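Thanks for asking me to look through this model with you. My notes follow as numbered points, to be read with the structure open beside them.

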Amino acid sequence: MKNNLVPLVVLAVLAGLPLLGLNSYVMHILILSIMWTLAGMAWNLLGGYCGQVSFGHAAFFGMGAYSAGLIHLHLGLSPWWGFLVSLPLVALVALAMGSVVLRLRGPYFVLATLAIGEVLRITCENLTDFTKGTLGIMITRTWVEKTQYYYIILGLALLGFVVCRAIVHSRWGYYFVAIREDQDAAESMGIDTTRYKTIALTVSAMLTGLAGAFYTNYMGYIDPGVVFSLGEISILIIMVVMVGGVATQWGPALGAGIMVILAEYIRSLPLIGVAYQTMFGVLLIVIIIYLPNGLVGDWPVLRRKLLRRGATA
Amino acid sequence: MSMLEIRKLSMFFGGLAALHDVNFDVRQGEILALIGPNGAGKTTLFNCVNGFYNPSEGQVLFKGQPISGLKPHKVCQMGIARTFQVVKPLSRMSVFDNVLASAFLRNPTRKGAQDVADEVLHFTGLWDDRDQLSKGLPLGKRKRLEIARALATQPEFLLLDESFAGLNPAELDVSIDIIRGIKQQGITVMIIEHHMKVIMAISDRIVVLNFGQKIAEGSPAEISADRQVVEAYLGEEHGA
């Protein structure tokens, strides 16, 4: 199958990378990039294909992260079980949320997502007996070196890639895009829009939760201000997809790589390093004006511009 | 047999009666035209049938079953498809994908849905445009895409909202043939139209609305001879 060739080559290259003996900082960047690719693909399914923009994916990321942390804290289980615990938990919250707010159209869903992320962060900060509040939860990491974590997140991202790809090419995927393009038309085509938007939200939330559960295991420490963060999680996920390409297969991966490297680079700069979120904001404005479909989506336009410049120079 | 029964249907928007106590039947297999001046309530009636509006009073029965108050997707699943006066193409999808998305309704597998989409695209003459993004189509073809998408849901009853408006004479002929073909497939059609030549050519019966009320019902010949209709809508030359 020609269609599967590119993903297989990419997978082979990624699987081979640790064999090069990269130093642990480079491995760290790669792991974060792949983690954000997973979250980006998840957001893209809902926001890109189904057209329902979420400003609150930190809610699902944080729930995944806290699933792993809390079962360790209270039950003494390995935080790796967090993956399994997070899936039904996140799905339940997404289903409940979707069946209520996805009946409405327009900005209501956006506002609801924004609210749920913040509600969970504040709840988590104040339920100090249960979550240890702003102190956060510390776990003992399973491995010191990065290689194992790299392969685990690569496997999860592969799962996310396969799930999203299968959905996008199925009946569900067509329904998602139909809903994005015109809800009245979609309804008169027999599509139960509330139901399919809720499906998109639930799958998207579950994949984001997996990324969150991985985060706990990999970083070894979580607190509400980080994993439920509006700026560092919810907005960053959107940035990943916007920069890479909305409703494209490879957009989230490209966007994740760029955003992780950019974040590391800007933060290392003297003086302006602390203002990296401001820089992201400026970047987002530039992207929306000049590349509204992201690097992958607007690649044909971009290439033409670059070629023309090359010709005149 | 009556396919669709409109019973004492009223729709109020605040104090305005967009439809008031409208009664008529659409018989199985016929083409019924709904005509009347702008603002007469034609599209409102369509919206009451397809579920966008829940009628204030009265009922719509489809094959004897009440459908008022059902959601649009339920109504479509029962076998009533519609097109829109202001076309609603799924812009960033190809013509083929527009129709395919509709065909999934009764064909969950991709293969089955593709077969239906292929057939519908051939039937509506859009096969050569199948790979185009639908926003790039000229108006005539976008109107036909509306029909194609409705047909791909494999309906028993089709609501066509001004599918001929803005078409040039050549496109008109194509669309007339398509609608006759739809009737031959045994699909019942209710059509809103202003183009009198088309109406007289294709419709079996005509219902005339004016200010939300039914003022006449009958064959094309009867309608063009009706004094009230001539005064309200057709004007002298048609009535003569």
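**Notes on the two chains**

1. Let me begin with a backbone detail. B:K63 is partly exposed, with 16 other C-beta atoms within 10 Å. This residue sits in the loop that links β4 (57–62) to β5 (65–66) of chain B. Please look at its backbone: B:K63 is not a glycine, yet its phi is positive, at about 50°. Do keep in mind throughout that this is a predicted model.

2. A second residue in chain B deserves the same check. B:F211, again not a glycine, has a positive phi of about 45°. Its place is the loop between β9 (205–210) and β10 (213–218) of chain B. Is B:F211 buried, exposed or partly exposed? B:F211 has 15 other C-beta atoms within 10 Å, and so it counts as partly exposed, since a buried residue needs 20 or more and an exposed one has 12 or fewer.

3. Now for chain B as a whole. Chain B is built from ten helices and ten strands. Its radius of gyration is 18 Å, close to the 18 Å that the globule rule gives for 240 residues, so chain B is as compact as a globular protein of that length. Along the principal axes, the C-alpha atoms of chain B fill a box of roughly 50 × 40 × 35 Å. Of its 240 residues, 47% count as buried. If we take the contacts in chain B between residues at least 6 apart in sequence, 64% of them join residues at least 24 apart.

4. Helix α1 (residues 42–50) of chain B is a nice one to display. How many of its nine residues are buried? The count is nine of nine, so this helix is mostly covered. The buried set runs through B:K42, B:T43, B:T44, B:L45, B:F46, B:N47, B:C48, B:V49 and B:N50. Just after α1(B) comes B:G51, with a positive phi near 100°.

5. B:G79 gives a good example of a contact between distant parts of the sequence. B:G79 lies in the loop between α2 and β6 (80–82) of chain B. B:G79 and B:P155 are 76 residues apart along the chain, but their C-alpha atoms are separated by 4.4 Å. Leaving aside residues up to four places away in sequence, B:G79 touches B:P155, B:E156 and B:F157. With 19 other C-beta atoms within 10 Å, B:G79 is partly exposed; the cut-off for buried is 20 or more, so this glycine falls outside that class.

6. Next, where the two chains meet. Chain B gives 20 residues to the contact, and chain A gives 15 residues. Which elements of chain B give two or more residues to the side that touches chain A? They are α2 (72–78) and α3 (95–103) of chain B. By type, the residues on this side of chain B divide into nine nonpolar, six polar and five charged.

7. Turning to chain A, you will find 16 helices and two strands. A compact globule of 313 residues would have a radius of gyration near 20 Å, and chain A agrees with its 20 Å. The box filled by its C-alpha atoms is roughly 60 × 50 × 45 Å along the principal axes. Of the 313 residues of chain A, 47% count as buried. Among contacts in chain A with a separation of 6 or more, 76% come from residues 24 or more positions apart.

8. The record is worth setting against the coordinates. The unreviewed UniProt entry places "transmembrane region" features at several spans of chain A, including 148–168 and 269–291. Residues 148–168 of chain A are 100% helix and 0% strand, with end C-alpha atoms 30 Å apart. For residues 269–291 of chain A, the figures are 65% helix and 0% strand, with 26 Å between the end C-alpha atoms.

9. Finally, please look at helix α4 (residues 82–101) of chain A. At 1.5 Å a residue, its 20 residues should span 28 Å, and the end C-alpha atoms are 27 Å apart, which agrees. Its buried residues are A:G82, A:V85, A:S86, A:V90, A:A94, A:M97, A:G98 and A:V101. These residues cover an arc of only 170° around the axis, so they lie on the same side of α4(A). The buried residues of α4(A) pack against α3 (57–75), α5 (107–126) and α10 (193–219) of chain A. On the face turned away from this buried side are the exposed residues A:P88 and A:A96.

Key: Residues numbered from 1 in each chain as written. Chains lettered and ligands numbered in written order. Predicted model: local features only at pLDDT ≥ 70, side-chain atom pairs only at ≥ 80, totals over all residues. UniProt positions renumbered as here; feature names shortened; annotations may be inferred. Helix = DSSP H or I, 4+ residues; strand = E, 2+ residues; numbered from the N terminus. Rg over C-alpha atoms; globule rule 2.2 N^0.38 Å. Contact = placed C-beta atoms within 7 Å. Nonpolar A, V, L, I, M, F, W, Y, C, P; charged D, E, K, R; others polar. Expected span 1.5 Å × (residues − 1). Arc of directions from axis to C-beta.
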